[in-house]
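Student: Please take a close look at a single part of this model with me, in one connected account. I am in my first year, so please explain each term when you use it.

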Amino acid sequence: MQHSAGGPSPQDPREPLIGPLDLEENVDDALAVQAVAFGLSDDEIAVRRHIVLRHLKSPGARALGARTPEGRLIGFVYGMPNDRTQWWSTVVAGYLRAAGCEDWLDDSFVITELHVLPLHQRRGIGRRLITMLTETAEEPRSLLSAIDTDSPARHLYHRLGYRDLARNVHFPSAPSPYAVMGAWLPLRRS
Ligand SMILES: CC(C)(COP(=O)(O)OP(=O)(O)OC[C@H]1O[C@@H](n2cnc3c(N)ncnc32)[C@H](O)[C@@H]1OP(=O)(O)O)[C@@H](O)C(=O)NCCC(=O)NCCS
């Protein structure tokens with residue numbers, strides 16, 4: 001699309017709006033997005049609900065949401081500064097130690113969840129959510145885990161500059177192995 005020289009670009013009124021998300025208030029909408037995007041059973045949703053609400057008590061935990069102009073949540077991301085005493089960190093620590101990267105557990109902002117509804121994927125929403133969330137991180141680097149497969153999520157993370165720190169990481173009760181990935185901030189622009 002071309003715009004007249006010098007003038008501001010008119011914003012497409014259909015563009016999703018990305019901004020701060022009160023995840024405690026919107027936890028059910030967010031989990032409904034995750035259930036469709038990632039695939040969660042009702043039992044898993046109930047478990048995740050407790051976990052999300054507990055995460056939100058961590059210092060520095062923050063979330064962003066993408067909404068349609070009508071206000072429907074279509075994507076979200078949340079994360080927090082890594083805390084070595086948290087369950088996720090205790091699981092990945094041994095794998096990172098074995099790979100010689102345990103220091104990544106310090107001074108890292110962890111992306112805990114990132115999900116976009118399938119109908120709205122491939123429009124740059126996921127990239128904008130994670131880029132905007134990490135832009136305000138005080139930590140110099142970011143960590144996350146993703147199912148260790150050739151997925152859209154792994155493509156996105158690689159494009160943003162995340163590299164594999166450890167692979168074949170097993171979380172108790174998760175059927176598939178994960179990769180732990182890390183990137184220096186700010187994330188790479190496309
Ligand atoms: C991962 C996810 C959040 C990406 O959201 P999205 O809004 O579709 O991503 P974007 O449109 O911002 O895509 C950015 C980049 O991701 C990669 N990507 C996204 N979808 C892809 C696909 N279907 N196949 C290959 N690469 C893909 C591309 O590199 C893309 O950049 P490009 O378009 O310049 O090539 C989304 O696919 C999703 O919700 N997946 C299911 C849930 C999930 O796996 N969450 C992550 C858990 S770790």
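Tutor: What follows is about the sheet, and in particular one end of it.

This is a predicted model, in which local features need pLDDT of at least 70, side-chain atom pairs count only at pLDDT 80 or more, and totals for chains, interfaces and linings use all residues. Residues are numbered from 1 along each chain as its sequence is written.

The sheet is open and mixed in its pairing, with 7 strands in the order E1-E2-E3-E4-E5-E7-E6. Helices (H or I, at least four residues) and strands (E, at least two) are DSSP runs, numbered from the N terminus, and two strands pair if DSSP finds at least two bridges between them. E1 and strand E6 (163-169) are at the edges with a single partner strand each, so one side of each has no neighbour in the sheet. On average, neighbouring strands of this sheet are turned by 20° against each other, direction ignored; the axes behind this value are lines fitted to C-alpha atoms, for helices over the stretch in contact, and angles run from 0 to 180 degrees between N-to-C directions.

At the E6 edge, E6 and strand E7 (residues 178-184) are paired in the antiparallel sense over 4 bridges, and Asp164 stands opposite Met181 in E7. The loop between E6 and E7 holds Ser173, whose phi is near 80°, a positive value in a residue other than glycine. Ser173 is exposed, because 6 other C-beta atoms are within 10 Å; a residue is exposed if 12 or fewer other C-beta atoms lie within 10 Å of its own, buried if 20 or more do, and partly exposed in between, with C-beta atoms placed from the backbone. In the segment after E7 we find Pro186, which is joined to Leu185 by a cis peptide bond with omega at about 0°.

Now look at Val180. Apart from its neighbours within four places in sequence, Val180 is in contact with eight residues' worth of positions that include Val92, Leu96, Leu143, Leu165 and Val169, where contact asks that two C-beta atoms, placed from the backbone, lie within 7 Å. The largest nonpolar core has 43 residues, and Val180 is among those that touch the most other members, together with Phe76, Val77, Leu96 and Leu129; such a core is a set of buried Ala, Val, Leu, Ile, Met, Phe, Trp, Tyr and Cys residues joined through C-beta atoms within 7 Å.

Leu129 is one of the buried residues of helix H4, and the buried residues of H4 pack against E1, strand E2 (62-67), strand E3 (73-81), E4, strand E5 (141-147) and H5.
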